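Here are a few friendly comments to read alongside the model. I have kept them as short numbered points.

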Amino acid sequence: MGTACRHFPNRQALIDELVDDMFARVEEATREGAEDADARRGLTVSLERVAELQALDRGLREVVLHSDRTVPAGLRHREQIRRNVDLAVERAKEQGVLHADVEPWDLVVMQQMLAAVTERSGRPDLWRRCLRLLLDGLRAGPEHSEPLPCGDYGKRFDTPGPNRVGPPPPGTDGPTGLG
(Lines give C-alpha, C1' and ligand atoms only; values in the text may rest on other atoms or scores of the structure.)
Protein backbone atom coordinates (compact mmCIF):
# COMPACT_ATOMS: atom_id res chain seq x y z
CA MET A 1 0.00 0.00 0.00
CA GLY A 2 2.82 2.38 0.86
CA THR A 3 4.50 1.79 -2.51
CA ALA A 4 1.26 2.57 -4.34
CA CYS A 5 0.81 5.78 -2.37
CA ARG A 6 4.34 6.93 -3.28
CA HIS A 7 3.70 6.40 -7.01
CA PHE A 8 0.22 7.89 -7.23
CA PRO A 9 -0.96 11.21 -5.80
CA ASN A 10 -4.34 9.80 -4.74
CA ARG A 11 -6.63 6.76 -4.91
CA GLN A 12 -8.36 7.95 -8.10
CA ALA A 13 -5.01 8.24 -9.91
CA LEU A 14 -4.25 4.61 -9.00
CA ILE A 15 -7.68 3.47 -10.21
CA ASP A 16 -7.25 5.46 -13.43
CA GLU A 17 -3.91 3.75 -14.07
CA LEU A 18 -5.43 0.29 -13.51
CA VAL A 19 -8.35 1.01 -15.83
CA ASP A 20 -5.99 2.44 -18.43
CA ASP A 21 -3.96 -0.77 -18.27
CA MET A 22 -7.13 -2.86 -18.72
CA PHE A 23 -8.14 -0.92 -21.81
CA ALA A 24 -4.58 -1.12 -23.18
CA ARG A 25 -4.76 -4.92 -23.01
CA VAL A 26 -8.13 -4.93 -24.78
CA GLU A 27 -6.75 -2.54 -27.40
CA GLU A 28 -3.79 -4.85 -28.02
CA ALA A 29 -6.07 -7.88 -28.43
CA THR A 30 -8.36 -6.09 -30.87
CA ARG A 31 -5.41 -4.67 -32.83
CA GLU A 32 -3.83 -8.09 -33.26
CA GLY A 33 -7.17 -9.49 -34.38
CA ALA A 34 -7.71 -6.70 -36.91
CA GLU A 35 -4.19 -7.15 -38.33
CA ASP A 36 -4.39 -10.93 -38.81
CA ALA A 37 -4.33 -11.87 -42.51
CA ASP A 38 -6.98 -14.52 -41.83
CA ALA A 39 -9.94 -12.37 -40.75
CA ARG A 40 -11.88 -15.29 -39.24
CA ARG A 41 -8.93 -16.33 -37.11
CA GLY A 42 -8.20 -12.73 -36.16
CA LEU A 43 -11.76 -12.12 -35.08
CA THR A 44 -11.87 -15.40 -33.13
CA VAL A 45 -8.55 -14.86 -31.38
CA SER A 46 -9.42 -11.27 -30.54
CA LEU A 47 -12.77 -12.23 -29.02
CA GLU A 48 -11.17 -15.11 -27.12
CA ARG A 49 -8.42 -12.91 -25.69
CA VAL A 50 -10.82 -10.19 -24.55
CA ALA A 51 -13.20 -12.74 -23.04
CA GLU A 52 -10.30 -14.41 -21.25
CA LEU A 53 -9.13 -11.05 -19.90
CA GLN A 54 -12.65 -10.46 -18.60
CA ALA A 55 -12.83 -13.92 -17.05
CA LEU A 56 -9.52 -13.42 -15.23
CA ASP A 57 -10.04 -9.79 -14.23
CA ARG A 58 -13.18 -8.88 -12.32
CA GLY A 59 -12.34 -5.18 -12.63
CA LEU A 60 -12.34 -5.43 -16.41
CA ARG A 61 -15.63 -7.33 -16.29
CA GLU A 62 -17.11 -4.54 -14.19
CA VAL A 63 -15.99 -1.93 -16.70
CA VAL A 64 -17.47 -3.98 -19.58
CA LEU A 65 -20.74 -4.85 -17.84
CA HIS A 66 -21.26 -1.34 -16.54
CA SER A 67 -20.07 0.57 -19.57
CA ASP A 68 -22.64 3.28 -18.89
CA ARG A 69 -20.32 4.53 -16.15
CA THR A 70 -17.93 7.26 -17.17
CA VAL A 71 -14.42 5.86 -17.12
CA PRO A 72 -12.17 8.71 -18.26
CA ALA A 73 -9.00 6.64 -17.84
CA GLY A 74 -9.97 4.33 -20.70
CA LEU A 75 -11.05 7.03 -23.14
CA ARG A 76 -7.72 7.23 -24.95
CA HIS A 77 -8.01 3.53 -25.86
CA ARG A 78 -11.72 3.37 -26.67
CA GLU A 79 -11.54 5.02 -30.08
CA GLN A 80 -8.69 2.77 -31.19
CA ILE A 81 -10.54 -0.30 -29.89
CA ARG A 82 -13.58 0.83 -31.87
CA ARG A 83 -11.48 1.26 -35.04
CA ASN A 84 -9.89 -2.17 -34.53
CA VAL A 85 -13.27 -3.87 -34.13
CA ASP A 86 -14.69 -2.00 -37.14
CA LEU A 87 -11.71 -3.11 -39.25
CA ALA A 88 -11.93 -6.73 -38.08
CA VAL A 89 -15.64 -6.90 -38.93
CA GLU A 90 -15.13 -5.21 -42.31
CA ARG A 91 -12.27 -7.57 -43.26
CA ALA A 92 -14.22 -10.65 -42.16
CA LYS A 93 -17.15 -9.58 -44.32
CA GLU A 94 -14.84 -8.93 -47.28
CA GLN A 95 -13.33 -12.41 -46.89
CA GLY A 96 -16.83 -13.92 -46.75
CA VAL A 97 -16.46 -15.47 -43.29
CA LEU A 98 -18.99 -13.29 -41.47
CA HIS A 99 -22.69 -12.71 -42.03
CA ALA A 100 -23.09 -9.57 -44.12
CA ASP A 101 -25.48 -8.04 -41.56
CA VAL A 102 -23.17 -8.34 -38.54
CA GLU A 103 -22.24 -4.97 -37.09
CA PRO A 104 -19.29 -4.10 -34.86
CA TRP A 105 -21.60 -3.44 -31.93
CA ASP A 106 -22.71 -7.07 -32.14
CA LEU A 107 -19.22 -8.00 -30.93
CA VAL A 108 -19.48 -5.53 -28.05
CA VAL A 109 -22.78 -7.10 -27.01
CA MET A 110 -21.19 -10.55 -27.30
CA GLN A 111 -18.41 -9.47 -24.94
CA GLN A 112 -21.00 -8.20 -22.47
CA MET A 113 -22.84 -11.52 -22.71
CA LEU A 114 -19.64 -13.48 -22.12
CA ALA A 115 -18.75 -11.29 -19.16
CA ALA A 116 -22.20 -11.90 -17.69
CA VAL A 117 -21.82 -15.67 -18.15
CA THR A 118 -18.53 -15.56 -16.29
CA GLU A 119 -19.97 -13.35 -13.55
CA ARG A 120 -23.19 -15.24 -12.96
CA SER A 121 -22.55 -18.90 -13.80
CA GLY A 122 -19.98 -19.76 -11.17
CA ARG A 123 -18.06 -21.42 -14.03
CA PRO A 124 -15.25 -19.08 -15.08
CA ASP A 125 -14.51 -21.27 -18.12
CA LEU A 126 -18.08 -21.50 -19.45
CA TRP A 127 -17.52 -18.42 -21.63
CA ARG A 128 -15.46 -20.63 -23.96
CA ARG A 129 -18.49 -22.77 -24.84
CA CYS A 130 -20.72 -19.73 -25.21
CA LEU A 131 -18.19 -17.96 -27.42
CA ARG A 132 -17.99 -20.99 -29.72
CA LEU A 133 -21.80 -21.00 -30.03
CA LEU A 134 -21.79 -17.28 -30.78
CA LEU A 135 -18.99 -17.59 -33.34
CA ASP A 136 -20.82 -20.41 -35.11
CA GLY A 137 -23.86 -18.13 -35.30
CA LEU A 138 -21.77 -15.41 -36.96
CA ARG A 139 -20.45 -17.61 -39.76
CA ALA A 140 -21.40 -16.73 -43.28
CA GLY A 141 -21.16 -20.29 -44.61
CA PRO A 142 -22.33 -23.77 -43.64
CA GLU A 143 -18.93 -24.75 -42.15
CA HIS A 144 -18.71 -27.01 -39.12
CA SER A 145 -17.11 -25.86 -35.90
CA GLU A 146 -14.71 -27.56 -33.56
CA PRO A 147 -16.27 -29.48 -30.66
CA LEU A 148 -17.68 -27.15 -28.04
CA PRO A 149 -15.73 -26.84 -24.79
CA CYS A 150 -17.52 -27.65 -21.51
CA GLY A 151 -19.73 -30.23 -23.20
CA ASP A 152 -20.88 -31.67 -19.86
CA TYR A 153 -22.38 -28.40 -18.63
CA GLY A 154 -25.91 -29.17 -19.89
CA LYS A 155 -26.00 -32.46 -17.99
CA ARG A 156 -26.47 -30.48 -14.77
CA PHE A 157 -29.98 -29.61 -15.96
CA ASP A 158 -30.98 -33.21 -16.79
CA THR A 159 -30.86 -34.54 -13.24
CA PRO A 160 -33.52 -33.39 -10.75
CA GLY A 161 -32.11 -31.99 -7.55
CA PRO A 162 -32.73 -29.28 -4.97
CA ASN A 163 -32.26 -26.42 -7.46
CA ARG A 164 -33.09 -28.22 -10.68
CA VAL A 165 -36.32 -28.74 -12.53
CA GLY A 166 -37.09 -32.36 -13.23
CA PRO A 167 -40.07 -34.05 -14.84
CA PRO A 168 -43.50 -33.13 -13.47
CA PRO A 169 -44.76 -35.17 -10.53
CA PRO A 170 -46.87 -38.21 -11.50
CA GLY A 171 -50.52 -37.40 -12.16
CA THR A 172 -49.94 -33.73 -12.93
CA ASP A 173 -49.94 -31.81 -16.18
CA GLY A 174 -46.90 -29.73 -15.45
CA PRO A 175 -44.13 -28.78 -13.09
CA THR A 176 -46.43 -26.75 -10.83
CA GLY A 177 -48.40 -29.80 -9.71
CA LEU A 178 -51.70 -28.01 -10.35
CA GLY A 179 -52.96 -30.78 -12.58
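1. Is Asp36 buried or exposed? This is a predicted model, and in it Asp36 has a relative accessible area of 17%. The cut-off for buried is under 20%, so Asp36 counts as buried.

2. To find Asp36, look in the loop between helix 2 and helix 3 (39–56). A good partner to display with Asp36 is Ala88: the two are 52 residues apart in sequence, yet their C-alpha atoms lie 8.7 Å from each other.

3. You may like to look at helix 2 (residues 11–35) and helix 5 (residues 75–94) together. Their axes come within 8 Å and cross at roughly 20°. Angles under 35 degrees count as roughly parallel, which is why helix 2 is described as roughly parallel to helix 5. The crossing of these two helices is left-handed.

4. Now for the surface. Trp105, Val108, Val109 and Met113 make a nonpolar patch of about 380 Å². Of these residues, Trp105 sits in helix 6, which spans residues 104–121. Trp105 has 55% relative accessibility; the cut-off for exposed is over 50%, so Trp105 counts as exposed.

5. Finally, the overall layout. The chain has seven helices and zero strands, and its elements read α-α-α-α-α-α-α from the N terminus on. Of the 179 residues in the chain, 35% are buried. Asp36, from the opening point, belongs to the buried class, whereas Trp105 belongs to the exposed one.

Methods: Residues numbered from 1 in each chain as written. Predicted model: local features only at pLDDT ≥ 70, side-chain atom pairs only at ≥ 80, totals over all residues. Heavy atoms only, no water. Patch = residues over 30% accessible without salt bridge, like charges linked within 9 Å, V, L, I, M, F, W, Y side chains within 5 Å. Areas by Shrake-Rupley, 256 points an atom, 1.4 Å probe, with all protein chains shown as cover. Salt bridge = Lys/Arg side-chain N within 4 Å of Asp/Glu carboxyl O. Helix = DSSP H or I, 4+ residues; strand = E, 2+ residues; numbered from the N terminus. Buried < 20%, exposed > 50% of the residue type's maximum accessible area, 1.4 Å probe, protein only. Axes fitted to C-alpha atoms, helices over the stretch in contact; angles between N-to-C directions. Parallel < 35°, antiparallel > 145°, perpendicular 65-115°, else oblique. Left-handed = near helix turned anticlockwise from the far one by under 90°.
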